[in-house]
Amino acid sequence: MNPSGRLAIIMLGPPGAGKGTQARMISEALKYPHISTGDMLREALKRETDLGKRVKLFMESGTLVPDDLVNELITERLGFEDCRRGFILDGYPRAIAQAEFLHALVARDNTFVLIIGIEVDDKVLIERLSSRWTCTKCSKMFNAHLDSGKAGGLCDECGNALVQRKDDETGVIAERLKVYHRTTKPLIQYYKEQGAYKSVDGDRPADEVFNAIAGILKGRIQ
Ligand code: AMP
């Protein structure tokens, strides 16, 4: 698996599959940065930057923001020193054009790209997203059905307030799943053809999903 080069791990899967949770766990194990375009865009929205103002309507309606905006964010972020050994992408690429852009971007460096697809049925995703509470500071996610006291409560990790994301509202969830099936899911076939796609069953506890991912990353995670 190219032990001397840089490793790019791409978390692929529908909204609510657990990409963020697993990316965080891998990040801790490998000490690679966890790069979530969704988190970066939400931060811009919160700070009301120019970028935040431009992406607000797209994000709140559950549609994708234009490729050039996320491509620019990723180009800048991957140039940071902490990405030198490797990085974990969560929520990017989300369309074939973004994957092609990323490929061209990392082609100059000695980067091995591995895609981990987390597979979960729509029915389970809808249930998960509608009961999801997210930390306003560290973005850790909790399920109000499984973790009592988390609805309107505080984050276990950093003690900050948990909120329901605007795009986790029922109508928006349906739109996000539609966008996933139409625009993002074709990436599975795209990466399968390149021989870079590995899938894990995401319909089980986070620790079990992580063990499966650790098996894929054998030698990298102890
Ligand atoms: P996420 O937190 O990954 O579910 O992303 C939340 C929202 O941010 C998405 O519904 C999109 O509006 C936007 N977004 C995040 N990543 C991307 C991307 N790679 N391409 C386009 N839009 C994105």
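What covers the buried residues of α4? In this predicted model, the cover over the buried residues of α4 includes the strands β1, β2 (34–36) and β3, together with the helices α2 (37–46), α3 and α5. The buried residues of α4 are themselves Leu69, Val70, Asn71, Leu73, Ile74, Arg77 and Leu78, a list in which Asn71 and Arg77 stand beside leucine, isoleucine and valine residues. The dimensions of α4 can also be checked, because the twelve residues of this helix should span 16 Å at 1.5 Å a residue, and the end C-alpha atoms are indeed 16 Å apart, in agreement with that expectation.

Helix α4 also contributes to the largest nonpolar core of the model, which has 29 residues and in which Ile74, Leu78, Phe87, Leu89, Leu102 and Tyr191 have the most contacts. At least two residues of this core are supplied by each of β1 (6–12), α3 (50–61), α4 (67–78), β3 (86–90), α5 (96–106) and α8 (186–193), and the largest share, five residues, comes from α4. When residues up to four places away in sequence are not counted, Leu78 touches Arg6, Ile35, Cys83, Phe87, Leu89, Leu102, Leu105 and Val106. Apart from this core lies another, of 23 residues, among them Leu7, Val120, Leu129 and Phe210.

The model also holds a ligand, around which 16 residues are found, with Thr37, Arg42, Thr63, Gly91 and Gln98 coming nearest. The element that gives the most to this shell is α2, with four residues. Three polar contacts may be described in turn. A polar side-chain atom of Arg42 lies 2.9 Å from an oxygen atom of the ligand, whereas a polar side-chain atom of Gln98 lies 2.9 Å from a nitrogen atom of the ligand. In the case of Gly91, a backbone N or O atom lies 2.9 Å from a nitrogen atom of the ligand. Of the 470 Å² of accessible area that the ligand has on its own, the protein covers 96%.

Several individual residues outside α4 were then examined for burial and surroundings. Gln22, found in helix α1 (residues 19–30), has a relative accessible area of 2% and is therefore buried, since the limit for burial is under 20%. Leaving aside neighbours within four places in sequence, Gln22 is in contact with Met11, Ile118, Ala206, Val209, Phe210 and Ile213, and one of these residues, Phe210, also belongs to the core of 23 residues.

Arg176, placed in helix α7 (residues 170–184), is likewise buried, because its relative accessible area is 9%. The side chain of Arg176 reaches the backbone oxygen of Asp167 at 2.5 Å. With neighbours within four places in sequence left aside, Arg176 is in contact with Pro15, Gly62, Leu129, Arg132, Arg165, Asp167 and Asp168; Leu129, included in that list, is another member of the core of 23 residues.

Leu217, which lies in the segment after α9 (206–216), counts as buried because its relative accessibility is 0%. The C-alpha atoms of Leu217 and Tyr191 are separated by 17 Å, the two residues being 26 residues apart along the chain.

The backbone geometry of the loops was considered next. Most residues other than glycine have a negative phi, and most peptide bonds are trans. Against this background, a cis peptide bond joins Tyr92 and Pro93, with omega of about -5°, and Pro93 lies in the loop between β3 and α5. Lys31, found in the loop between α1 and β2, is a residue other than glycine with a positive phi, near 60°, and it counts as exposed because its relative accessibility is 60%. Glu48, in the loop between α2 and α3, is not a glycine either, yet has a positive phi of about 55°; at 58% relative accessibility, Glu48 is therefore counted as exposed.

Conventions
Residues numbered from 1 in each chain as written. Predicted model: local features only at pLDDT ≥ 70, side-chain atom pairs only at ≥ 80, totals over all residues. Heavy atoms only, no water. Core = buried A, V, L, I, M, F, W, Y, C linked by side-chain atoms within 4.5 Å. Buried < 20%, exposed > 50% of the residue type's maximum accessible area, 1.4 Å probe, protein only. Contact = heavy atoms within 4.5 Å. Expected span 1.5 Å × (residues − 1). Near = heavy atom within 4 Å. Polar contact = N/O pair within 3.5 Å; in protein donor to acceptor, adjacent residues only side chain to side chain. Areas by Shrake-Rupley, 256 points an atom, 1.4 Å probe, with all protein chains shown as cover.
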